[in-house]
Amino acid sequence: MTDTTASGDVRLAGISKHYGSFTAVHPLDLTIPQGSFFALLGASGCGKTTTLRMIAGLEEPSTGTVSLGEREVTHLPPYKRPVNTVFQSYALFPHMDIFENIAFGLRRRGIKSVKKQVDEMIDLVQLGEHARKKPHKKPHQLSGGQQQRVAVARALINHPQVLLLDEPLGALDLKLRRQMQLELKRIQTEVGITFVHVTHDQEEAMTMADTVAVMNGGRVEQLGAPAELYENPRTTFVANFLGTSNLIEASVESTGSDVAVSASGAILRLPAARCSTTPRTGGKLLVGVRPEKISLVPAEDEHTIAAGRNKITGKIADSSFIGVSTQYVIDSPVCPELEVYVQNIERDARLVPGADVVLHWNPEHTFGLDAAQDIDAGIETVEESA
Ligand SMILES: Nc1ncnc2c1ncn2[C@@H]1O[C@H](COP(=O)(O)OP(=O)(O)O)[C@@H](O)[C@H]1O
Ligand SMILES: [Mg+2]
């Protein structure tokens with residue numbers, strides 16, 4: 001490995017973690033590029049915290065190695081690694097004010113003049129007025145968002161090579177969480193160090209991270225940029241966990257650069273390049289399409305649909321108007337509960353529950369998945385909270 005001497009990538013090679021006979025993390029190979037904002041996303045219990053703790057040195061891997069740049073750190077204790085962690089609980093020192101909490105890491109290393117560096121951190125996390133105004137506040141006198149900022153500043157003042165964040169926004173209400181997501185992203189861009197962020201919230205992961213690793217049952221199922229994962233899920237778990245997907249069980253009719261499938265008499269087409277498994281004529285395929293890619297017309301307007309579109313018929317079972325869009329649930333012989341999101345531009349008064357409709361979409365917006373998987377994987381876990 002002589003070609004990567006300048007690199008500060010986090011490299012996990014074959015790391016796993018067993019607790020007795022239970023495997024919390026299966027052998028995992030993962031490279032987290034230096035300077036990236038990387039998210040580990042998955043439902044509660046999938047092994048995110050365990051993975052993070054192995055990077056921090058708080059948990060010893062059962063197998064495998066952890067490297068930071070050129071340096072293998074697998075057996076280094078946490079305080080000897082150039083890594084700091086921000087926990088969901090913040091773990092601030094209750095008896096110290098904001099300044100002293102942030103200064104802690106410097107003081108512990110015996111550094112006497114801390115003011116300049118602490119002030120820089122206070123500015124970075126925009127805590128100025130709260131930190132400087134007298135009387136100086138202790139953690140319990142701060143809001144959740146302010147405590148979060150102190151925790152981030154306290155970790156960053158040590159100039160770690162990698163900052164690990166374990167569900168750091170989990171205790172905040174939704175509005176504050178959104179604000180802190182953008183704030184953390186800004187801080188990461190400003191300091192340029194690697195952030196590894198653990199969350200069960202798919203929107204949070206997509207908003208913040210350059211790269212998301214979707215974990216399920218102690219394994220990384222798929223890794224990529226948020227848009228790549230969303231547009232091209234390779235498993236039913238990823239298709240269902242990241243947003244919503246309509247998955248249709250279909251039989252393969254013909255293959256080539258375009259694949260044709262049939263489902264309850266409807267013929268649907270999709271590009272072979274968008275299949276994560278090789279379709280075989282006569283075999284099964286799960287055909288996926290996102291709810292916002294589908295258009296909806298009353299059955300009597302079927303003739304207005306352009307040629308070449310994928311089309312299926314159904315009946316509106318339910319509709320919810322949510323302002324920016326209307327979310328429809330459609331019963332179709334092809335699939336029992338299809339979801340369709342129609343942007344609120346011009347609302348067609350005929351699109352009400354009970355109406356017969358035709359759904360249509362661009363075949364290019366269809367993806368194909370291996371039919372041997374559980375079609376509902378990743379669905380029940382979406383609403384789970386910390
Ligand atoms: N110290 C431990 N002893 C036994 N099982 C554990 C221990 N720590 C975690 N686990 C189990 O390992 C799995 C993964 O845990 P964790 O990494 O904390 O998940 P996540 O952070 O994704 O919610 C869970 O099933 C959890 O119960
Ligand atoms: Mg956890």
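This passage walks through a few parts of a predicted model, beginning with an annotated domain and moving on to a ligand shell, a helix and several paired strands.

A good place to start is the stretch at residues 10-242, where the unreviewed UniProt entry places the feature "domain: ABC transporter". Over these residues the chain is 36% helix and 26% strand. The C-alpha atoms at the two ends of the stretch are 25 Å apart.

Ligand 1 comes next. Its surroundings consist of Tyr19, Ala24, Gly42, Ser44, Gly45, Cys46, Gly47, Lys48, Thr49 and Thr50. Sorted by class, this shell holds three nonpolar, six polar and one charged residues. Helix α1, spanning residues 48-56, gives the most to the shell, with three residues.

The same helix is worth a closer look in its own right. Seven of the nine residues of α1 are buried, so the helix is largely enclosed by the rest of the structure. The buried residues are Lys48, Thr49, Thr51, Leu52, Arg53, Met54 and Ile55. Of these, Lys48 and Thr49 also belong to the surroundings of ligand 1. After the helix comes Gly57, which has a positive phi, near 90°.

Strand β9, at residues 211-216, offers a similar picture of enclosure: five of its six residues are buried, so the rest of the structure largely encloses it. Two pairings involve this strand. With strand β3 (residues 37-41), β9 pairs in the parallel sense over four bridges, and here Leu41 stands opposite Val214. With strand β10 (residues 219-224), β9 runs antiparallel and is joined by five bridges; in this pairing Val212 faces Gly224. The strands β9 and β10 form a hairpin with two residues between them, and in this hairpin Gly217 takes a positive phi near 55°.

Further along the chain, strand β19 (residues 356-361) also takes part in two pairings. One is with strand β15 (residues 295-298), to which β19 is joined by four bridges in an antiparallel arrangement. Within it, Ser295 stands opposite His360. The other is with strand β16 (residues 310-321), again in the antiparallel sense, over six bridges. There, Thr313 has Val358 of β19 as its bridge partner. As a general guide for reading such strands in the model, side chains alternate between the two faces of the sheet in a regular strand.

Terms used:
Residues are numbered from 1 along each chain as its sequence is written. Chains are lettered from A and ligands numbered from 1 in the order in which they are written. This is a predicted model: local features need pLDDT of at least 70, side-chain atom pairs count only at pLDDT 80 or more; totals for chains, interfaces and linings use all residues. Two strands pair if DSSP finds at least two bridges between them. UniProt positions are given in the numbering used here, feature names are shortened, and annotations may be inferred rather than shown by experiment. A residue is near a molecule or strand if its C-beta atom, placed from the backbone, lies within 6 Å of it. Ala, Val, Leu, Ile, Met, Phe, Trp, Tyr, Cys and Pro count as nonpolar, Asp, Glu, Lys and Arg as charged, and the others, Gly among them, as polar. A residue is buried if 20 or more other C-beta atoms lie within 10 Å of its own, exposed if 12 or fewer, and partly exposed in between; C-beta atoms are placed from the backbone.
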